[in-house]
Amino acid sequence: MNELAAQHPLLIVVAPKVIILLFVLLTALAYLTWFERKVVAHIQSRWGPFRVGPHGLLQPLADGVKFLFKEDVTPAGADKFVYFLAPFLALSLAVTSIAVIPFGPKGLTIFGQATPTGITNLNIGLLILFAITSMGVYGVALAGWSSNSKYPLLGGLRSSAQMISYELTLTMSVVGVILMAGTFNLSEIVTSQQGNYWWGLPHWNVIGWPMPQVFGCLLFFTAAVAETNRAPFDLAEAESELVAGFHTEYSSFKFAMFFMAEYASMITVSCLATILFFGGWLSPFPQTPLFAWTRFIPAASFALAGLALAAHGIRYITIFGRIVLPFLGIVLLGLGLSFALPGVIAIVQGPFWFLLKIGVFLFVYVWVRGTLPRFRYDQLMNFGWKVLLPLSIANVVVTSFFIVWMER
Amino acid sequence: MITPQIGVFLVLAAVAVAGAVSLILQRHPIHSALSLIVVMVALAILYLLQGAEFIAAVQIIVYAGAIMVLFIFVIMLLNAGEEERTNLSRLARFVGVPLGGVFLVEVAYWIGRATIHLEPAPPQAVSTRDLSSLLFREYVFPFELTSFLILIALLGALVLARREESN
């Protein structure tokens with residue numbers, strides 16, 4: 001097997017990684033819709049999806065089946081080729097960008113082949129990500145144009161203007177981090193944040209030395225929310241003005257593809273924010289013998305979550321729920337216990353902290369959507385060009401000043 | 001012997017040329033713009049093949065991701081329709097087409113002569129660090145001069161585009 005892997009590393013090592021990651025990502029996308037609906041519902045004192053499966057857990061499946069069986073309508077006078085191209089472009093670009101994200105430290109070893117945790121580890125990973133994000137606007141713009149309808153056209157125009165404007169801030173806000181790390185390689189950016197201050201907090205860039213990137217982080221996240229066309233920057237699909245904006249004329253699975261693209265770019269942006277400002281896969285605790293017990297946090301949290309779920313599930317309203325929820329709880333408990341095993345404990349550390357931080361960012365995304373009202377269009381442009389962009393340039397200047405000053 | 005690199009090069013070169021031809025032949029401005037994006041992405045991957053990572057990424061970020069978005073934005077904003085196609089004018093038919101043919105033959109001749117004895121250069125990765133230290137130390141004066149030139153063009157465009165205040 002090892003020799004076979006050495007002969008065909010692409011087939012035996014890389015391809016399974018791609019397939020597994022795609023499967024995980026698409027499942028995560030589906031459950032992200034569930035998560036968002038639940039969180040927004042609770043913010044608005046509602047229950048959210050509850051009927052399909054216990055706590056609405058099968059809702060994404062029902063939605064998926066519904067999308068597949070709906071009639072696929074192409075509007076009269078649409079530019080057929082571009083109309084079909086736009087959703088594919090949007091989804092494929094959004095999903096591709098996950099390929100450069102590192103999920104854990106160092107390499108895995110599969111059949112004797114060392115390979116990065118994540119699909120690939122590029123020297124220009126960050127630039128590739130920005131390149132893909134900058135291409136992402138085509139999905140929206142072309143969808144709006146090719147529908148041959150006024151609301152989509154207006155939505156497409158709005159969102160292309162918005163994405164061009166906020167891309168500048170997005171790019172400028174990470175320059176501070178790049179100056180501090182001295183590399184575009186996402187793995188190396190994370191390892192450059194290793195270690196803790198003597199007073200305990202980790203060396204993450206958001207509170208980094210010599211210049212904490214607090215402003216960089218805030219600017220990045222604001223611009224990223226605008227770049228992914230999410231509330232409060234979702235003017236491209238402002239339902240009170242534009243029906244549904246650029247995807248008004250799309251139905252069936254093509255609509256679902258735009259939906260998935262939006263959630264995929266949310267995940268990418270959360271990954272990126274975690275890597276750049278919050279230490280990626282690094283644990284927040286110092287790596288000293290005093291804090292050795294923190295290595296059991298993944299195991300303990302999974303086991304406790306499993307126990308809580310099982311305890312809650314036994315008393316669920318429906319019989320189906322009384323079977324499924326305790327079962328899920330026991331699976332989580334089993335996973336948690338296996339995370340405490342000597343060989344596994346080292347492997348799960350990185351992905352656990354990474355996914356936890358991504359989850360926090362995704363929650364903030366939904367929280368912001370549930371809290372803030374939508375911008376007006378002129379406010380959006382003024383805010384982007386007159387507030388965010390000058391601030392991000394100032395951040396670059398101040399950061400480089402401090403770096404030069406401290407190096408002397 | 002076709003190595004994977006030559007194979008990738010051939011495919012991308014074909015894509016780039018096809019995109020360029022399609023750019024001219026398409027009748028709708030949006031389709032032309034899309035063809036141009038294809039050309040630029042193919043060129044970016046060709047740069048990557050040569051080991052110029054930074055240039056490749058910048059090619060996509062700046063040209064495909066920013067400039068072409070503006071092109072498409074303007075085409076959408078003006079809602080430009082399909083071009084009408086005319087038959088070749090007399091000047092084009094009797095002077096343009098033969099002249100184009102002559103140039104094509106000439107270029108083909110010189111390219112054929114120039115590359116026939118050349119060994120393909122081994123691709124060497126140029127790190128972004130090397131590139132930027134070259135740009136900001138050795139060539140800092142031309143670099144700043146170019147940025148100044150662009151700034152002047154920007155201001156000029158602003159002055160031309162601004163409406164006179166009516167008071």
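**Exercise 1. Work out what share of the chain B contacts with a separation of 6 or more comes from residues 24 or more positions apart.**

Step 1: Keep the contacts in chain B with a separation of 6 or more; residues 24 or more positions apart make up 56% of them. Bear in mind that this is a predicted model.

Step 2: Now look at burial. A residue is called buried if 20 or more other C-beta atoms lie within 10 Å of its own. By that rule, 14% of the 167 residues of chain B are buried.

**Exercise 2. Describe the make-up of chain B in helices and strands.**

Step 1: Count each kind: chain B has six helices and zero strands.

Step 2: Put them in sequence order, and the pattern reads α-α-α-α-α-α.

**Exercise 3. Follow helix 3 of chain B from its first C-alpha to its last.**

Step 1: Find residues 53–78, the 26 residues of this helix.

Step 2: Compare spans. The helix reaches 36 Å, close to the 38 Å expected at 1.5 Å a residue.

Step 3: Look for a bend. At B:Met68, helix 3 of chain B turns by about 30°.

Step 4: Step just past the helix, where B:Asn79 has a positive phi of about 50°.

**Exercise 4. Which residues and elements make the contact between chain A and chain B?**

Step 1: Take each side in turn: chain A gives 19 residues and chain B gives 16 residues.

Step 2: On the chain A side, the elements giving two or more residues are helix 5 (125–135), helix 6 (137–146) and helix 7 (150–173).

Step 3: Sort that side of chain A by class, and you get 15 nonpolar, four polar and no charged residues.

Notes:
Residues are numbered from 1 along each chain as its sequence is written. Chains are lettered from A and ligands numbered from 1 in the order in which they are written. This is a predicted model: local features need pLDDT of at least 70, side-chain atom pairs count only at pLDDT 80 or more; totals for chains, interfaces and linings use all residues. Helices (H or I, at least four residues) and strands (E, at least two) are DSSP runs, numbered from the N terminus. The expected span of a helix is 1.5 Å times one less than its number of residues. The bend at a residue is the angle between axes fitted to the seven residues ending there and the seven starting there. A residue is buried if 20 or more other C-beta atoms lie within 10 Å of its own, exposed if 12 or fewer, and partly exposed in between; C-beta atoms are placed from the backbone. Two residues are in contact if their C-beta atoms, placed from the backbone, lie within 7 Å. Ala, Val, Leu, Ile, Met, Phe, Trp, Tyr, Cys and Pro count as nonpolar, Asp, Glu, Lys and Arg as charged, and the others, Gly among them, as polar.
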